[in-house]
Each structure stands twice: as structure tokens, then as C-alpha cells.
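Visitor: Please take me through the terms applied to this model, and show how each label follows from its cut-off.

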Amino acid sequence: ALPFTGTTRVANKGVDVALVVYPTSTESAIQAARICGVCGISTAVLEVTQLYPPDHRTLEHFCVTAGKLVFESETLMLAHQIPKGIDVCILENSSVKAMSDAVFAIKRKAIIL
């Protein structure tokens with residue numbers, strides 16, 4: 001088992017998609033994960049407590065597990081090394097609706113940056 005320690009806190013476990021957010025958006029992300037869960041999409045919420053050093057181990061685990069990542073911002077995405085072949089989406093805003101819409105979209109269709 002991977003001990004989830006480092007600069008990323010797993011606020012909600014999931015296997016289909018991972019939402020990668022700042023601490024200020026964790027509650028919204030958890031609400032979005034619940035909405036997605038009702039529709040059958042298991043959504044992890046990863047709270048990045050600090051950008052540097054990036055927590056490559058935790059993110060790598062979710063790249064392998066889910067293969068689909070939704071980042072709150074481009075800055076957050078660029079701070080991490082995302083392997084090729086991983087579907088990535090960047091949120092337009094940090095609302096619950098934007099997060100759940102992005103999870104639904106990336107789950108339905110590959111959105112690769």
C-alpha cells in the first residue's frame with residue numbers, strides 16, 4: 001500500500017478520475033466528487049499542500065490508477081511531471097459545477113493537453 005504522505009493530501013479516494021486542487025478548493029472538489037459518485041464515477045481529490053517540492057509519488061500512483069487528471073490551474077499542472085498518455089484537463093474556474101463537468105467530460109472523452 002502506498003503511504004499517502006508528502007506535499008499532496010488524499011482528501012477523497014477514487015479510481016476513475018483525480019481532481020488535483022489547492023487547499024482552498026478541497027471542499028468544492030469533495031462536493032464535485034460526490035456528485036460524480038452518484039453518477040458512477042469514482043473521483044479522487046488530491047489536495048496539493050505545497051507546490052515545491054512536488055509530490056511525484058502520490059501523483060504517479062493516481063496516473064496509473066485513474067489515468068485521468070483534472071487540475072485546478074495550469075500552474076498546478078506544470079509543477080508536476082505528467083507522463084505521456086495521461087488524459088489531463090485544466091479547470092476554467094473552481095466551482096463545484098466546473099469541477100464535476102470537467103470530471104464528466106474527461107471520463108467520457110479523452111482531453112489531452
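Guide: Contact means heavy atoms within 4.5 Å. This is a predicted model: local features need pLDDT of at least 70 and side-chain atom pairs count only at pLDDT 80 or more, whereas totals for chains, interfaces and linings use all residues. Residues are numbered from 1 along each chain as its sequence is written, and side-chain values use heavy atoms, with hydrogens and water left out.

Visitor: With what is Leu-19 in contact, leaving aside its neighbours within four places in sequence?

Guide: The partners of Leu-19 are Ala-29, Ala-32, Thr-43, Ala-44, Val-45, Leu-46, Val-70, Met-99 and Val-103.

Visitor: What makes a stretch a helix or a strand?

Guide: Both are DSSP runs numbered from the N terminus: a helix is H or I over at least four residues, a strand is E over at least two. By that rule the protein has 4 helices and 5 strands. Their order from the N terminus is β-β-α-β-α-β-α-β-α.

Visitor: How do you know which strands are neighbours in the sheet?

Guide: Two strands count as paired if DSSP finds at least two bridges between them. The result is an open sheet of 5 strands in the order E1-E3-E2-E4-E5, with mixed pairing. E1 (8–12) and E5 (87–90) each have a single partner strand, so they are edge strands, with one side lacking a neighbour in the sheet. From one strand to the next, the twist averages 25 degrees; axes here are lines fitted to C-alpha atoms, for helices over the stretch in contact, and angles run from 0 to 180 degrees between N-to-C directions.

Visitor: Why do E4 and E5 count as a pair, and in which sense do they run?

Guide: E4 (residues 68–71) and E5 are joined by 4 bridges, and the requirement is at least two, so they are paired. They run parallel. One of the bridges sets Leu-69 opposite Val-88 in E5. E2 and E3 pass the test too, with 5 bridges in the parallel sense, and Val-21 faces Glu-47 in E3.

Visitor: Where does H2 lie relative to the strands?

Guide: H2 (residues 56–65) lies across E1, E2 (17–21), E3 (43–48) and E4, and runs at about 130 degrees to E4.

Visitor: How do you know whether Ala-32 is buried or exposed?

Guide: Buried means under 20% relative accessible area, exposed means over 50%, and partly exposed is in between, with a 1.4 Å probe and protein chains only. Ala-32 has 0%, so it counts as buried. This residue lies in H1 and touches Leu-19, Val-96, Met-99 and Ser-100, not counting residues up to four places away in sequence. Over the whole protein, 50% of the 113 residues count as buried.

Visitor: What makes Tyr-22 partly exposed?

Guide: Its relative accessibility is 24%, so Tyr-22 falls between the two limits. Tyr-22 is in the loop between E2 and H1. Its contacts beyond four places in sequence include Glu-47, Val-48, Glu-72 and Leu-76. From Tyr-22 to Leu-76 the C-alpha distance is 8.3 Å, at a sequence separation of 54 residues.

Visitor: Why does His-61 get the label partly exposed?

Guide: His-61 has a relative accessible area of 30%, so it receives that label. It is located in H2.

Visitor: How many residues of E2 are buried, and which way do they point?

Guide: In E2, 5 of 5 residues are buried. Val-17, Leu-19 and Val-21 point one way from the strand, and Ala-18 and Val-20 the other way.

Visitor: What makes a group of residues a nonpolar core?

Guide: The members must be buried Ala, Val, Leu, Ile, Met, Phe, Trp, Tyr or Cys, joined through side-chain atoms within 4.5 Å. The largest such set has 19 residues, and Leu-19, Val-45, Val-70, Met-99 and Val-103 have the most contacts inside it. E2, H1 (26–38) and H4 (96–108) each supply at least two residues. H4 gives the most, with 6. Another core, apart from this one, has 17 residues, among them Val-10, Val-20, Val-48 and Leu-76.

Visitor: How do you know whether the radius of gyration agrees with a compact globule?

Guide: The radius is taken over C-alpha atoms, and the globule rule is 2.2 Å times the number of residues to the power 0.38. For 113 residues the rule gives a value near 13 Å, and the protein has 12 Å, which agrees. The C-alpha trace spans about 35 × 30 × 30 Å along its principal axes.
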